[in-house]
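Below is a report on selected local features of a predicted model. The sequence and structure come first.

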Amino acid sequence: MIKYIAAIFFLVLIISALFIIRGFQYPAKIRKAEESLEAGDINAASEIIKKILDKKKDYVPARYLKAMILIKQKQYLMAISELNAILLIPDYGSHIKELDIHYNLAFLYSETKSWQKEIEEYKIILGFNPEDVKANHRLGHALYRQGDYKKVKELLTRAVVLDPNLQDSYLPLGISCFQISDYEKAEQYLLKSLSSAGENVEAHYYLGLIFKMKKDYENALRMFEFARKDRYFFIKCLYKIGEIHFENENYETVIDELEQGLNHLPKNTEESHEYRFLLAEAYEHENKIDEAIHHWEKIASENPDFRSVRIKLDSYREIIENKYMMTLFQSPLEELQTLISEVITGMQYNIIAKEKQTPNEYQYRAYNIKRINDPPLLIYFNRTTREITEGQILDFYKRINDEKCKSGIYITTSKFSLKAKSTAAMKMIELYGSDYISRALEKILARRRKK
């Protein structure tokens with residue numbers, strides 16, 4: 001009996017010793033596999049891991065290293081499956097840090113374009129450590145791709161505060177600030193992004209938008225000129241450059257710039273319609289009616305309800321079909337002063353001073369021929385197809401007072417809105433629209449032909 005007990009005890013000792021030896025063997029084998037993987041010998045590392053898992057399928061260090069091997073082999077879906085399986089093994093945390101698993105899963109979801117799963121992984125990581133630089137950084141970039149700009153600002157701001165050397169964060173951070181209208185911060189971060197390697201055309205474009213809003217046109221143009229080198233931003237930059245020159249009434253420059261992009265315009269898009277409309281308005285200001293109509297017709301063929309394009313075309317068709325009105329739209333106003341003077345003289349007024357306001361607007365001081373002792377009045381001539389608004393009449397009334405004139409006359413090649421007519425009546429302003437101008441020109445031109 002004693003011998004039997006001794007034999008069992010001895011057998012237990014042997015088995016225990018074997019388990020202890022094997023327990024020491026696994027870590028040694030794992031280290032060997034890690035060394036092989038670091039040396040680039042994936043086959044040797046895989047063979048070691050396979051042998052371990054054949055004997056102990058849920059040995060966490062081996063399964064984790066298997067996942068690392070799969071990542072090296074770019075078998076990302078299999079690696080994802082392996083890492084998620086580890087998370088289901090009891091006490092896996094005693095072998096592998098949970099954070100390491102989630103970092104790897106976040107990377108793998110990014111590589112496989114599983115954006116939402118990538119985001120969830122980084123959220124888990126931030127749950128462990130809200131100040132984790134990498135998680136704030138990577139989650140910020142992931143949410144930037146999804147357009148969650150408010151959250152991007154929060155995450156990437158924290159990331160660059162913790163690590164100012166995260167140079168790749170300044171561009172998405174700057175654009176995100178721009179998108180949520182924090183233009184001061186946007187400018188700050190976008191300027192920082194310019195110090196990184198590469199051309200950074202996107203940063204230049206958004207800085208151009210910010211400088212344009214600030215009316216810092218010199219720097220805005222400089223930024224747009226740089227960004228237009230990029231194919232994606234070419235049309236966008238030309239349009240913004242055109243807007244700046246249009247605001248400064250440099251209509252010839254607007255035409256020169258926008259004509260460059262016509263062959264690159266996308267078809268039937270809001271962007272292309274806006275682009276052509278601005279170009280047409282520049283042609284309109286330069287009295288190149290045929291060119292303006294061409295672009296308005298192009299817009300109308302694709303989107304007849306776009307802005308005022310139908311009104312524009314209807315107005316100009318009336319002008320084109322009226323040879324007398326067409327006379328006023330074929331030359332600069334400077335060259336038409338004799339004709340306009342005859343129109344004003346026909347109204348029984350004599351011009352004593354004139355002043356150009358815009359390429360299409362002139363202001364005259366005149367006195368009544370029949371009442372030469374009356375104080376002078378102010379006459380405003382506006383060549384346009386747009387309906388004259390109440391606001392324009394009020395602006396003219398202010399001019400009358402500023403010029404210390406008794407009253408005023410507003411002449412236009414267009415028509416007046418009902419509110420404009422009502423306001424003019426109250427302010428004792430006389431109105432003469434396209435119908436009057438057309439009849440006056442007919443008489444003047446007929447008289448000239450007789451001579």
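Asn382 touches Asn360, Glu361, Ile388, Gln392, Tyr410, Ile411, Thr412 and Thr413, not counting residues up to four places away in sequence; contact means heavy atoms within 4.5 Å. Asn382 belongs to strand 3, residues 377-382. Helices (H or I, at least four residues) and strands (E, at least two) are DSSP runs, numbered from the N terminus. Asn382 counts as buried because its relative accessibility is 4%; buried means under 20% relative accessible area, exposed over 50%, and partly exposed in between, with a 1.4 Å probe and protein chains only.

The model is predicted: local features need pLDDT of at least 70, side-chain atom pairs count only at pLDDT 80 or more, and totals for chains, interfaces and linings use all residues. Residues are numbered from 1 along each chain as its sequence is written, and side-chain values use heavy atoms, with hydrogens and water left out. The pLDDT is the predictor's confidence in each residue, from 0 to 100. The protein averages a pLDDT of 90, and 94% of the residues score at least 70. Over residues 16-21 the pLDDT is below 50, and this stretch has 0 contacts in the model beyond near neighbours in sequence.

Two helices were checked for span. The expected span is 1.5 Å times one less than the number of residues.

| Helix | Residues in helix | Expected span | Distance between end C-alpha atoms |
|---|---|---|---|
| helix 22 (residues 434-450) | 17 | 24 Å | 24 Å |
| helix 6 | 14 | 20 Å | 21 Å |

In helix 22, the buried residues are Ser434, Ile437, Ser438, Ala440, Leu441, Ile444 and Leu445. Seen down the axis, these buried residues fall within an arc of 165 degrees, so they line one face of helix 22; the arc is that of the directions from the helix axis to the C-beta atoms. An α-helix has 3.6 residues a turn, so residues three or four places apart point the same way. Asp435, Lys443 and Lys450 are exposed on the face of helix 22 turned away from its buried side. The cover over the buried residues of helix 22 includes helix 18 (323-329), helix 19 (337-346), strand 3 and strand 4 (408-412).

The buried residues of helix 6 are Glu118, Ile119, Glu121, Tyr122, Ile125 and Leu126. Their arc around the axis is only 160 degrees, which puts them on the same side of helix 6. They pack against helix 5, helix 7 (133-146) and helix 8 (149-162).

Thr112 sits in the loop between helix 5 (98-111) and helix 6 (115-128). With 25% relative accessibility, Thr112 counts as partly exposed. Leaving aside neighbours within four places in sequence, Thr112 is in contact with Tyr76, Leu77 and Ile80. Ile80 is 32 residues from Thr112 along the chain, and their C-alpha atoms are separated by 9.9 Å. The side chain of Thr112 also reaches the backbone oxygen of Tyr109 at 3.3 Å.

A search of the whole structure finds 20 aromatic pairs. Rings of Phe, Tyr and Trp (its six-membered ring) pair if their centres lie within 6.5 Å; planes under 30 degrees apart count as stacked, over 60 as edge-to-face and the rest as tilted. The ring centres of Phe178 and Tyr183 are 5.3 Å apart and the planes are at 65 degrees, so this pair is edge-to-face. Phe178 counts as buried at 13% relative accessibility, whereas Tyr183 counts as partly exposed at 32%. Both belong to one aromatic cluster, formed by Phe178, Tyr183, Tyr205, Tyr206, Phe224, Tyr232 and Phe233.

Terms used
Polar contact = N/O pair within 3.5 Å; in protein donor to acceptor, adjacent residues only side chain to side chain.
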